[in-house]
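User: Please take a close look at one part of this assembly: the side that chain A turns to chain D. Which residue of chain A comes closest to the rotation axis, and what lies around it?

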Protein chains: 4
Amino acid sequence: MADKKDEKTKGSTTLEDLRRRINAVNHDLLALLNQRAEIVQEVREYKERNAIEIFIPTREQEMLDGLVEANPGPFSDDMIRHLFREIFRASLHHMETDKKQSLRVARKPGAPTDVIKVGNREVGREPIIIAGPCAVEDEDQMERVAGRLAELGVTFLRGGAFKPRTSPYSFQGLGEEGLRLLEAAGKRHGLKTVTEVVDTRTVDLVAKHADMLQIGSRNQLNYELLKAVATTGKPILLKRNFAATLDELIRSAEYIVAGGNENVILCERGIRTFARETRNTLDITAIPLLRDLCRLPVIVDISHAAGRRDILPALARASLAAGANGIMVEVHPNPGLARSDAQQQLDLNQFEQLLGGLTPDLLDLRPPAAQQSAE
Amino acid sequence: MADKKDEKTKGSTTLEDLRRRINAVNHDLLALLNQRAEIVQEVREYKERNAIEIFIPTREQEMLDGLVEANPGPFSDDMIRHLFREIFRASLHHMETDKKQSLRVARKPGAPTDVIKVGNREVGREPIIIAGPCAVEDEDQMERVAGRLAELGVTFLRGGAFKPRTSPYSFQGLGEEGLRLLEAAGKRHGLKTVTEVVDTRTVDLVAKHADMLQIGSRNQLNYELLKAVATTGKPILLKRNFAATLDELIRSAEYIVAGGNENVILCERGIRTFARETRNTLDITAIPLLRDLCRLPVIVDISHAAGRRDILPALARASLAAGANGIMVEVHPNPGLARSDAQQQLDLNQFEQLLGGLTPDLLDLRPPAAQQSAE
Amino acid sequence: MADKKDEKTKGSTTLEDLRRRINAVNHDLLALLNQRAEIVQEVREYKERNAIEIFIPTREQEMLDGLVEANPGPFSDDMIRHLFREIFRASLHHMETDKKQSLRVARKPGAPTDVIKVGNREVGREPIIIAGPCAVEDEDQMERVAGRLAELGVTFLRGGAFKPRTSPYSFQGLGEEGLRLLEAAGKRHGLKTVTEVVDTRTVDLVAKHADMLQIGSRNQLNYELLKAVATTGKPILLKRNFAATLDELIRSAEYIVAGGNENVILCERGIRTFARETRNTLDITAIPLLRDLCRLPVIVDISHAAGRRDILPALARASLAAGANGIMVEVHPNPGLARSDAQQQLDLNQFEQLLGGLTPDLLDLRPPAAQQSAE
Amino acid sequence: MADKKDEKTKGSTTLEDLRRRINAVNHDLLALLNQRAEIVQEVREYKERNAIEIFIPTREQEMLDGLVEANPGPFSDDMIRHLFREIFRASLHHMETDKKQSLRVARKPGAPTDVIKVGNREVGREPIIIAGPCAVEDEDQMERVAGRLAELGVTFLRGGAFKPRTSPYSFQGLGEEGLRLLEAAGKRHGLKTVTEVVDTRTVDLVAKHADMLQIGSRNQLNYELLKAVATTGKPILLKRNFAATLDELIRSAEYIVAGGNENVILCERGIRTFARETRNTLDITAIPLLRDLCRLPVIVDISHAAGRRDILPALARASLAAGANGIMVEVHPNPGLARSDAQQQLDLNQFEQLLGGLTPDLLDLRPPAAQQSAE
């Protein structure tokens, strides 16, 4: 139908004419695309009613073959194949986006960060500090740490009872005894406790003793464990795997929320890169990105990110400045004697100095990155 | 206009009906998309005739705004924006693809690998071995290496005269004197010579002495140097930067070919990853991928990939098995005394053993990966 | 005691004199170091007899302080601290090396690769091919794959029944029903079966149905799962985590062997890097390095390394050329219809072509890298 | 000589006895090591007087062979070899450390950060903001940016005239015309100008027009270019290569300082990792580490690190909180129309908002990381 117009204008056409014609085609395309979307929607409903598999790849192939056969050009057959794949994918993407926006952990535009209650603390509303030794070693150690933390106004005490260790011959934690020491120290000093869980079979045991369960970096992609901790209802501290994308982290959180447990806190802890000067590379961009994509609070484990003591004050400041909802840091009464991660744990005085560097401006919790963003 | 049909079919429609309707819409879309492409083509020609900038982003924005305003649904405004961006991008991609397929270094479907002549050697037709010390150090060293290489049937002699070194205080090569020693050793034993060029100002000097110019890993993205070596007409050995994507490598080759020099050989040499056991991680997949994407021969510098001696025989075999057109390896008469890269250079006997592991099957040059691929 | 000599020689000394004196000091140092080692050994025995913690960091600090205080120079205090830390570390390293060499999975110099028997197949003696679909989907699919594999002389059938998936809403495998379909298909065609285990609680179930248990990439560092599979006695296929160092992989194998199960096969499957063209980057150097460090057979999962079909033949050839004891590859009767990993599975004809590219030279299993190495 | 004592104590020895004996041996070792260092020093002086190559690897090999032959145990021959290599290396390391501490760019303990004067601005004393478009495009663009920057109190204007581009067919910058537009805009508004130099042959041209010369990420390892900019005496902004270690960056700075130009500012700008959500991964730890290792100011190019606009405010805050001496950010009057890097440039209002998020605490320049560190 456009042929006659084409003939007429070819010689004397102006840019304005051409643009008008593109606009007209655009609006015809708009109508057709929506019409197509309506029919696809009908197909979907039909299939759902009749319990038929929604996506059938061969069907798509048949459509493409028919279109290419009928293609008059100037688009090449390849380009037509490409464009219709885009249109098909757009439809799928549309459904996917529906699903993704309906990821239960996704942040709805303008929505605030979730507030996770742990005892009387509200994670997500005010920045938190989680501190304590890498591993629970004995009562004296825990008493010295917990006492000082309480004096300094810190309210979360960490300490590993089940330690995943690279070598089967390394100290693997005190197990249940460690859980008891941690719980007792927390109770004596009014601190909420956090400890790692490493096996579906001991989830209930850990949940009995601790206020918050930690999924370690090595287990972020251990989906059976994620499903198991979901059933406890306890707040979960989900650490990012050292090579996971943000999307993988968010979907791991979704496993827990889909399992019925909304109390999830994300934790960036450094990623593996070519860099040699630190144990991992702290991915500072993960903080604003996660806060934008996800409604859950985000904290930073600066100790594992750095793997060394000297730069921890700078990383604590940077994390909060980037919008983190808190930090986790390893503190030991005598790091030189620690049974694991000796080189990255702060002693109690060093920890106090670190706290001193967290100026009020940094502790005044930033609004979500999305809101302070430039776009 | 589709409303009436919709009404009618909603109740008793079958899947077959719905599919027929999708097919009809598909073919209407096909016609409109091609019609749009024709008008876009006219716009482009008009602009070229009138020297107007082709891509005007504000124009795209205006179109999108108009379409969203007119959008009746069910696609959301965001989805319409997305779909039309896809259509606009498809047009741009079409032009881009035109350009990319017309990247002069791209392999046309079914086309053979270029054969680069260096003297009487045909790189790309038969696998080549390039061997020699990291740096040219003195006449005796070069004589011992060149003599043995010639005996072993190797025909390419390498040796650095200008050495890029991390520290300003390290040995930086013998410079012009090194070029002369390399050239003389090559001439005495009938070997073709390869050496690195590091500065636009010394390109002509190096070209005067060497049969092939090497662009080192640090300079793959030094576009001014690429333009400069293009003008020499000499065969260029272009090493991949240790963190470059394959696309970046191919486009660096395009700089040389666009500069009028078709004689380019690509060289994979390992990339930086978290792995610690080797100096770099040999990206073996780069071999079939580069051979598929690009018409130029591809060789592998196994010495820099590994940074250690013991695994070189395995890497030499793997590289050829993956379809490489040759390998480069550092050989020194006395590696323990080498002034650079001592730990990765083979001595002459070790090199002979490595050659012994290259069974005839591996030296029978594979067809391009594209042809032996499973698709 | 050396003072007088010093005085005398200062003027007229020759290089030979100086070297003689260094030699003398060297031999005095040799005696003292061994003497020190003997006493350290005594301390260790004493502590073991008396159940005292062996390593006391404060003790080391005291010794260093004392030595620095007594240091006459010319070595700076820092250098003395450094040198003695080296000597202390050498002692510790000595004990560590003892432990490491006594890692049960370490390859003793000159020792052959372990042969793992799976039915009548001897993994480690002859190269193996493991093939089959990503996920077990239904009986027809398994029948078509298993039948063709048997015809082609392949003897290992893979297929996932428990699938770890990034999204909680993706197809998670058929579970126990999948195990039964896999087992039945294997039995009908005389194939040994391999399938993944993902939870300590289902280890026994999987072990009941499959001939070999696979630890997937996400679970390589899930030490509780490693301990659990050790107890089954079944051959274990241990896949490398996508960001694990080789040392971490070897120590994960040690968990299984320390748990009483010697039948472990390592599997390289690609690592995460900046590269975008493939799903992962196949770390080809892992093959000779693992074979050198460890006595266990090493195979390569080329499908997950590549994430795309077209380069699989090149990767299969390269893996065997580098010394791999076998390859694993995903094969599906109709990849376009696969419920997971559609883009990387070969169809049955493509798989047959891939096998055709494995020339006899490549299937003639290489001796361990260590033996063919250049050193 | 120690034998008799050994005999006597073996039975009734106490831990205290054993420790006394270790202490005695330690002090004998101390004396011998220093004695050895003195002789090595003499050898060095002798060789320097007589112009003999200092390090002769075969000599080391001979000594090791002799020591192993004489080794009575209990240390294994391997351990003796290892220990003496450590001692030899300690000597070399000693010389190296001498050299490294005498790296002219190293920070001496307690020393302040260098202050680099650019006009009346003192980089290193107060945090700086460098802003402006990716590329200089035309006079109107530069006028709009420069005018607004001046209003906002920013004093450094950036803009590329020579643009290194991945494709030879992309816009490569306006060249000399771009230099003139940049210079003029700077002069009109009292801003200091920064622009990139890409070729040794155009260094003088760029130096004639700009107040500060930028070495881009692709050229950080282009040592000939580093030597060339050293000769200009101009302040140099040295950007880290996207895959360079911190040591490589520091040594690149050393090239410039060794070339006689002390005015160098380091710039972190993101590294290549597996992460996909951002163009690069901002290495926030580089800031405290570089400030600790090096006496030069350190700034952060947040735009290239992120490659997207929305997280720039968070990265600006984090960079300053971590101790950066300033930030660089791309600002364009109409980013949608930019000829390069459109997606990462801020418009003028977005930039003003970003500045608003830099609270006084963050602009109160932190002391060097070393001083605020916990150790």
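Analyst: A:A318 comes closest to the rotation axis of all residues of chain A, with its C-alpha at 2.1 Å. The axis itself comes from laying chain A on chain D: a turn of 180 degrees and a shift of 0.0 Å along the axis give an RMSD of 0.2 Å. Copies are superposed by least squares on the C-alpha atoms of residues with pLDDT of at least 70 in both. The two copies are thus related as by a two-fold rotation axis. The same surface serves both: 100% of the contact residues of chain A recur in chain D.

This is a predicted model; local features need pLDDT of at least 70, side-chain atom pairs count only at pLDDT 80 or more, and totals for chains, interfaces and linings use all residues. Residues are numbered from 1 along each chain as its sequence is written, while chains are lettered from A and ligands numbered from 1 in the order in which they are written.

Now the interface with chain D. Here 44 residues of chain A are in contact with 44 residues of chain D (C-beta atoms, placed from the backbone, within 7 Å). Two or more residues each come from α10 (286-293), α12 (312-321), α13 (348-356), α14 (360-363) and α15 (369-372) of chain A. Helices are DSSP runs of H or I, at least four residues, numbered from the N terminus. α12(A) gives the largest share, seven residues. By class, this side of chain A divides into 24 nonpolar, 12 polar and eight charged residues. Ala, Val, Leu, Ile, Met, Phe, Trp, Tyr, Cys and Pro count as nonpolar, Asp, Glu, Lys and Arg as charged, and the others, Gly among them, as polar.

One stretch needs care. Over residues 366-375 of chain A the pLDDT (the predictor's confidence in each residue, from 0 to 100) is below 50. Beyond near neighbours in sequence, this stretch has 28 contacts in the model. For chain A the mean pLDDT is 86, and 87% of its residues reach 70 or more. The model scores ipTM 0.79 and pTM 0.82.

Chain A also meets chain B. There, 44 residues of chain A are in contact with 45 residues of chain B. Elements giving two or more residues are α2 (15-50), α3 (57-70) and α4 (77-101) of chain A. α2(A) provides the largest share, 24 residues.

Notes
Two residues are in contact if their C-beta atoms, placed from the backbone, lie within 7 Å.
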